[in-house]
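Hi,

Here is the structure I promised to pass on. Have a look at it first, and then read my notes below.

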Amino acid sequence: MKGLFITLEGGDGAGKSTQIRNIERFFAEKGLIVVHTREPGGTPISEKLRDILLDNHNSEMSPVTEMMIYAASRAQNVRENIIPALERGEVVICDRFVDSSVAYQAYGRGLGDMVSEVNKYATGGLSPDITFWLDIDPQAGRARAAKVGELDRLETEEMEFHYRVYEGYRKIAEGDPERVRRIDASESVDAIRDHIYECLEELCRSKGI
Ligand code: TMP
């Protein structure tokens, strides 16, 4: 596929939204068309699934149900949004992707290898060109997220859950260092942007952009 597929990952309150705007600016300045999407969500069907997933009233949802709804949302976003944009040669920036399911459902919920397996079908094997993991301690992230608004179903999970998710991200980054770039999210917004821009310059050079 001609385009570039970039994903951002990290616990709640890591500052992904700010850096997504910076990444959009980086590619817009190169004259490229940028598509910004998010998971769960990104298409009308996927946004409905997002509402189900994050609704605090759905406390009885089983981990397998949860994992499959995340995968269903992704399957739709990949086919309706992401692949067509990549085929047009555009840059797709996705706020969370399969790594979130591995961190939250495989590690956080303890579902293990089933999660990667199901997501192979959901994505049809599509993988990001580069992933930025904004690494923030779960306790610090929760404090920041709480300042922004009401907590959703996942955010209200106990701290042990968020530490298992964190451990999941650490293992994902360790296992795939070429794709997953760890960014220290406790640094200043400008320092984080500079680090991300360095990685993007390197990616563009390798792709001849
Ligand atoms: P967001 O608020 O950052 O958009 O993410 C919604 C929540 O869903 C967040 O707590 C992380 C969680 N999540 C999963 O548990 N699995 C997934 O596959 C994705 C994409 C998100």
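**Asp135 and its surroundings**

Let's start in strand S4, which is where Asp135 sits. Bear in mind that this is a predicted model. Is Asp135 buried or exposed? Its relative accessible area is 8%, and since anything under 20% counts as buried, Asp135 is buried. Leaving aside residues up to four places away in sequence, Asp135 touches Tyr166, plus Arg182, Ile183, Asp184, Ala185 and Ser186. If you go looking for Lys16, you'll find it 119 residues from Asp135 in sequence, yet the two C-alpha atoms are 10 Å apart in space.

**Helix H1**

Lys16 also belongs to the buried set of H1, together with Gln19, Ile20, Asn22, Ile23, Phe26 and Phe27. Why do these sit on the same side of H1? Because they cover an arc of only 160° around the axis. The general rule behind this kind of pattern is that an α-helix has 3.6 residues a turn, so residues three or four places apart point the same way.

What lies over that side? The cover for the buried residues of H1 includes strands S1 (4–9), S2 (34–38), S3 (91–95) and S4 (130–135), along with helix H8 (189–207). So S4, the strand of Asp135, is part of that cover.

I also checked the length of H1. It has 14 residues (16–29), so at 1.5 Å a residue it should span 20 Å, and its end C-alpha atoms are indeed 20 Å apart. After H1 comes Gly31, with a positive phi near 80°.

**Helix H5**

H5 (residues 114–123) has its own buried set: Val115, Asn119, Ala122 and Thr123. Viewed down the axis, these fall within an arc of 75°, so they line one face of the helix. Helices H3 (63–87) and H4 (98–108) are among the elements that cover them. Just after H5 there is a glycine with positive phi, Gly124, at about 60°.

**The cavity**

How many cavities of 30 Å³ or more does the structure hold? One, and its volume is about 160 Å³. It is lined by 16 residues, and those closest to its centre are Gly11, Asp12, Tyr104, Pro138 and His162. Helices H6 (138–148) and H7 (159–175) each supply at least two residues of the lining. By class, the lining has nine nonpolar, four polar and three charged residues.

Cheers

Methods:
Residues are numbered from 1 along each chain as its sequence is written. This is a predicted model: local features need pLDDT of at least 70, side-chain atom pairs count only at pLDDT 80 or more; totals for chains, interfaces and linings use all residues. Side-chain values use heavy atoms; hydrogens and water are left out. Helices (H or I, at least four residues) and strands (E, at least two) are DSSP runs, numbered from the N terminus. The expected span of a helix is 1.5 Å times one less than its number of residues. Buried means under 20% relative accessible area, exposed over 50%, partly exposed in between (1.4 Å probe, protein chains only). The arc is that of the directions from the helix axis to the C-beta atoms. Contact means heavy atoms within 4.5 Å. On a 1 Å grid over the protein atoms alone, a cavity is a set of points where a 1.4 Å probe fits but cannot get out, and a pocket is an open set with protein on both sides within 12 Å along at least five of seven lines; lining residues have an atom within 4 Å of a point. Grid points are joined across faces, edges and corners, and a volume is the space filled by probe spheres set on the points. Ala, Val, Leu, Ile, Met, Phe, Trp, Tyr, Cys and Pro count as nonpolar, Asp, Glu, Lys and Arg as charged, and the others, Gly among them, as polar.
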